[in-house]
Amino acid sequence: MDVRLILPGGVSTHTEDELPALLAREDGIVWVDIATCDPAAAQVLRDAFGFHPLALRDAAVRNRVPKIHPYAGHVFVILHAPHSGARGHVHYVELDQFIGPRYLVTVHGPVNPAVPPDVPLRQTRDVLRRIESGRFAPASAFELSYAVVSAITRLQETMVEDVTAEVWRLEQRVTAGHLGNPEQFLEELFQARHGLLAVRTMATLGGAIYGRLATLPRAVPAEAQHLVTDVVDQFDRVRSVADGEREYLQGVIEFYKARTDTKMTIAAERLAVIAAITLPITALSSVYGMNLIVSDHTQVHHLVAVLLLMAVMSATLLGWAKRQGWW
């Protein structure tokens, strides 16, 4: 648990025992950043801030969808940031926030063991570096939260950019006809679509959560309303970009499917023509059987006539198939 006091002159680090004194001050912003909300951390938050047990329970477990719960004196928000995993899987990296008048508590919810331990902390660490370097000086807890959430939307935008680069590569392979293994190529197409769909879902739900927050004036100070509105706009922009790229990818998939279907149709037509050409041969041979070629004597004239008839019938069917455009 990292406890910091943000003042106009910089950032100072403190211990958990100093929280009551820090919260009693009238200046500065208290920022508590927790990697995992274990029972010990939950007890500190309960004693120092008086958070609701349901909110502490949500902070201690994985939540699959964003949430917002306004409480007296603070608001509890759950959001997700994307992280690319193996074979196109997108991990949902959770970030929980308790936003109060003079404090911000950020909790990095439990994550999949496949996610590196430093990944959940990257949003808050980026904001902390900006504050320590003097490039950012938040004037309120909502402004600090705004910076953290903006870092999440930037991660979502970066994810869309990375998937878009993959979509362009796949589109070039489709138009050039260099597909390689069809099953592997189809899997790459759907992995790209899954990535865009995952980011779109995160942005859509995040925008809905902050859209709800914007309608709660008692939970958001008047001077912070524009920050909430801007967050909604950021999520909407990510969703729109992801939608546009997903439609583009869908066009690539449809083009690939149309090309594959066309090849299969042409192959089926050619097989049908071959079957039609060999049909008279099969029919005549089934009628005559071995009656023309025997061990003792072969009816040469009759055999020649039958072979000519087979050739004429096959040529006639081949010509008819060509006139129909099947060959």
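Analyst: A residue counts as buried when its relative accessible area is under 20%, and as exposed when that area is over 50%. In between, a residue is partly exposed. The model discussed here is predicted.

User: Why is His-80 called buried?

Analyst: The relative accessible area of His-80 is 5%. The cut-off is under 20%. His-80 is therefore buried.

User: Where is His-80, and which residues is it in contact with, leaving aside neighbours within four places in sequence?

Analyst: His-80 belongs to strand β5, residues 74–84. With those neighbours set aside, its contacts include Asn-63, Arg-64, Val-65 and Pro-66. Tyr-92, Val-93 and Glu-94 are also among them. So are Ile-152, Gln-156 and Met-202. Contact here means heavy atoms within 4.5 Å. Leu-205 is 125 residues from His-80 in sequence, yet their C-alpha atoms are 9.2 Å apart in space.

User: What makes Leu-249 buried?

Analyst: Its relative accessible area is 0%. That is under the 20% cut-off, so Leu-249 counts as buried. Leu-249 sits in helix α7, residues 225–288. Beyond four places in sequence, it is in contact with Val-167, Leu-189, Ala-192, Arg-193 and Leu-196. Ile-209 lies 40 residues from Leu-249 along the chain, and 28 Å separates their C-alpha atoms.

User: Why is Arg-212 classed as partly exposed?

Analyst: Arg-212 has a relative accessible area of 45%. Buried needs under 20% and exposed needs over 50%. The value falls in between, so Arg-212 is partly exposed. Arg-212 is in helix α6. Its C-alpha atom is 9.6 Å from that of Val-232, with the two positions 20 residues apart along the chain.

User: What describes the packing of two helices?

Analyst: Two values do: the angle between the axes and the distance between the axes.

User: Why are α5 and α6 called roughly antiparallel?

Analyst: Helix α5 packs against helix α6 (residues 182–214) at about 155°, with the axes 10 Å apart. Angles over 145 degrees count as roughly antiparallel. The pair therefore earns that label. The contact of α5 with α6 has 17 nonpolar, three polar and four charged residues. The crossing of α5 past α6 is left-handed.

User: Why is α4 called oblique to α5?

Analyst: The axes of α4 (residues 122–132) and α5 (residues 141–176) cross at roughly 125° and come within 9 Å. That angle is outside the ranges for roughly parallel, perpendicular and antiparallel, so α4 is oblique to α5. The crossing is right-handed.

User: Which residues meet where α4 touches α5?

Analyst: From α4 come Arg-122, Gln-123, Thr-124, Val-127, Arg-130 and Ile-131. From α5 come Leu-144, Ala-147, Val-148, Ala-151, Ile-152, Arg-154 and Leu-155. By class, eight are nonpolar, two polar and three charged. Ile-152 also appears among the contacts of His-80.

User: How many helices and strands does the chain have?

Analyst: Eight helices and seven strands.

User: How do you know whether the chain is compact or spread out?

Analyst: Set the radius of gyration against the globule rule. The rule gives 20 Å for 327 residues. The chain has 34 Å, well over that, so it is more spread out than a compact globule. The C-alpha atoms fill a box of roughly 120 × 35 × 35 Å along the principal axes. Of the 327 residues, 39% count as buried.

User: What share of contacts between residues at least 6 apart in sequence join residues at least 24 apart?

Analyst: The share is 62%.

Key:
Residues are numbered from 1 along each chain as its sequence is written. This is a predicted model: local features need pLDDT of at least 70, side-chain atom pairs count only at pLDDT 80 or more; totals for chains, interfaces and linings use all residues. Side-chain values use heavy atoms; hydrogens and water are left out. Axes are lines fitted to C-alpha atoms, for helices over the stretch in contact, and angles run from 0 to 180 degrees between N-to-C directions. Helices (H or I, at least four residues) and strands (E, at least two) are DSSP runs, numbered from the N terminus. Angles under 35 degrees count as roughly parallel, over 145 as roughly antiparallel, 65 to 115 as roughly perpendicular and the rest as oblique. A crossing is left-handed if the near helix is turned anticlockwise from the far one by less than a right angle, and right-handed if clockwise. Ala, Val, Leu, Ile, Met, Phe, Trp, Tyr, Cys and Pro count as nonpolar, Asp, Glu, Lys and Arg as charged, and the others, Gly among them, as polar. The radius of gyration is taken over C-alpha atoms; the globule rule is 2.2 Å times the number of residues to the power 0.38. Buried means under 20% relative accessible area, exposed over 50%, partly exposed in between (1.4 Å probe, protein chains only).
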